[in-house]
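Colleague: Could you take me through how one reads a helical model, feature by feature, giving the general idea before the particular case?

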Amino acid sequence: MTDVVETRRDRIARRQVDKFAERRAQLADAALHTLAELGYARTSLREIAQKSEFTHGVLHYYFNDKVELIAQAVRQYEAVCVTRFDDIVATATTADELRQDFGAAMAATLDTDAPLHRLWYDLRNQSLFEESFRDDVIEIDGRRERMIHNVVQRYADLSGKPLLVPSKTAYALYDGLFQQALQHKLAGRDDAVGNLRADAGVLLDLVTCDGRS
């Protein structure tokens, strides 16, 4: 009988934990839009509450401060983002197919998710000063690096060419290319998306010695 009671208590405790985690996830998703609009420095818990269906008190109950909320929000967003090229890597049968699909996917996420990408770069810069979410940023950066490595390695395999740069270098090149395209997109340049689509493919050739000559 005692074991049954203990088991029931354990189930109740687990449900409570699950509900708490689920509500934190909901709040973090709601915060993303405000963060993407205003940026780290101009966003407070009160500001997030004013732009969502949740009260300031509710936010404070589930999160100690805005840093904890931001870290949760970014982790959730990135958990999806770092898989955005997985299908392309898995299904491409030729180097040209991967090259075209990867460039199109890079361009599409720039076009549709520019505010959220802006938030990522804002938070990554802030982590140079804000130690409390620095580890989260480093972890996310590592996952992004692996995402890019999977693409360039698969391209090298399909093209039969060696990969000329290490993983960190490939990521730095693509990160710089995307950040520049994002700046151009936010500045209103009409060619930002198209240029990124083309440049993403060119860079694949450069890091694998394909050359296309």
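Modeller: What follows is a short tutorial that goes from the whole chain to helix pairs and then to single residues. Please keep in mind throughout that this is a predicted model.

Colleague: Let us begin with the overall make-up: how many helices and strands are there in the chain, and what pattern does the chain follow along the sequence?

Modeller: One starts with the inventory of elements, and here the chain has 9 helices and 0 strands, so that the pattern read along the sequence is α-α-α-α-α-α-α-α-α. The C-alpha trace spans about 75 × 50 × 30 Å along its principal axes, and 41% of the 213 residues count as buried. Of the contacts between residues at least 6 apart in sequence, 70% join residues at least 24 apart.

Colleague: How should I read the packing of two helices, and at what angle do α6 and α7 pack?

Modeller: The angle is taken between the N-to-C directions of the two axes, and a value over 145 degrees counts as roughly antiparallel. Helix α6 (residues 95-126) and helix α7 (residues 134-159) pack at about 170 degrees, their axes being 12 Å apart, and α6 and α7 are therefore roughly antiparallel to each other. On the α6 side the contact includes Phe-102, His-117 and Trp-120, while on the α7 side Arg-144, Ile-148 and Val-151 are among the residues involved. By class, this contact of α6 with α7 has 11 nonpolar, 2 polar and 5 charged residues.

Colleague: And how do the axes of α7 and α8 cross?

Modeller: For that pair the relevant range is 65 to 115 degrees, which counts as roughly perpendicular. The axes of α7 and α8 come within 9 Å and cross at roughly 95 degrees, and α7 and α8 are therefore roughly perpendicular to each other. In this contact Asp-141, Arg-144, Glu-145, Ile-148, His-149 and Val-152 of α7 meet Ser-167, Lys-168, Ala-170, Tyr-171 and Tyr-174 of α8, which by class gives 5 nonpolar, 2 polar and 4 charged residues.

Colleague: What span should the 26 residues of α7 have, and how far apart are its end C-alpha atoms?

Modeller: The check sets an expected rise of 1.5 Å a residue against the distance between the helix ends. The 26 residues of α7 should span 38 Å, and the end C-alpha atoms of α7 are 37 Å apart, which agrees. The 17 residues of helix α9 (residues 192-208) should span 24 Å, and the end C-alpha atoms of α9 are 24 Å apart, which likewise agrees. Each of these helices is followed by a residue with positive phi: Gly-160, just after α7, takes about 70 degrees, and Cys-209, just after α9, takes about 65 degrees.

Colleague: Which helices do the buried residues of α9 pack against?

Modeller: One lists the buried positions and then asks what touches them. In α9 the buried residues include Leu-196, Ala-200, Leu-203, Leu-204 and Val-207, and the buried residues of α9 pack against α6, α7 and α8 (167-186).

Colleague: Which residues touch the most other members of the largest nonpolar core?

Modeller: In a core one looks for the members with the most partners, and of the 59 residues in the largest nonpolar core these are Phe-85, Phe-102, Ile-148 and Tyr-174. Helix α6 gives the most to this core, with 12 residues. Leaving aside neighbours within four places in sequence, Phe-85 is in contact with Phe-102, Ala-105, Met-106, Met-147, Ile-148 and Val-151.

Colleague: Turning to single residues, is His-117 buried or exposed, and is Asp-135 buried or exposed?

Modeller: Here one compares the relative accessible area with two cut-offs, under 20% for buried and over 50% for exposed. His-117, in helix α6, has a relative accessible area of 1% and is therefore buried. Leaving aside neighbours within four places in sequence, His-117 is in contact with Tyr-77, Arg-84, Thr-109, Arg-144, Phe-178 and Leu-182. Asp-135, found in helix α7, has 62% relative accessibility and so counts as exposed. Ala-31, which lies in helix α1 (residues 2-38), counts as buried at 0%, and, with neighbours within four places in sequence left aside, Ala-31 is in contact with Ile-48 and Leu-69.

Terms used: Residues are numbered from 1 along each chain as its sequence is written. This is a predicted model: local features need pLDDT of at least 70, side-chain atom pairs count only at pLDDT 80 or more; totals for chains, interfaces and linings use all residues. Side-chain values use heavy atoms; hydrogens and water are left out. Axes are lines fitted to C-alpha atoms, for helices over the stretch in contact, and angles run from 0 to 180 degrees between N-to-C directions. Helices (H or I, at least four residues) and strands (E, at least two) are DSSP runs, numbered from the N terminus. Angles under 35 degrees count as roughly parallel, over 145 as roughly antiparallel, 65 to 115 as roughly perpendicular and the rest as oblique. Contact means heavy atoms within 4.5 Å. Ala, Val, Leu, Ile, Met, Phe, Trp, Tyr, Cys and Pro count as nonpolar, Asp, Glu, Lys and Arg as charged, and the others, Gly among them, as polar. A nonpolar core is a set of buried Ala, Val, Leu, Ile, Met, Phe, Trp, Tyr and Cys residues joined through side-chain atoms within 4.5 Å. Buried means under 20% relative accessible area, exposed over 50%, partly exposed in between (1.4 Å probe, protein chains only). The expected span of a helix is 1.5 Å times one less than its number of residues.
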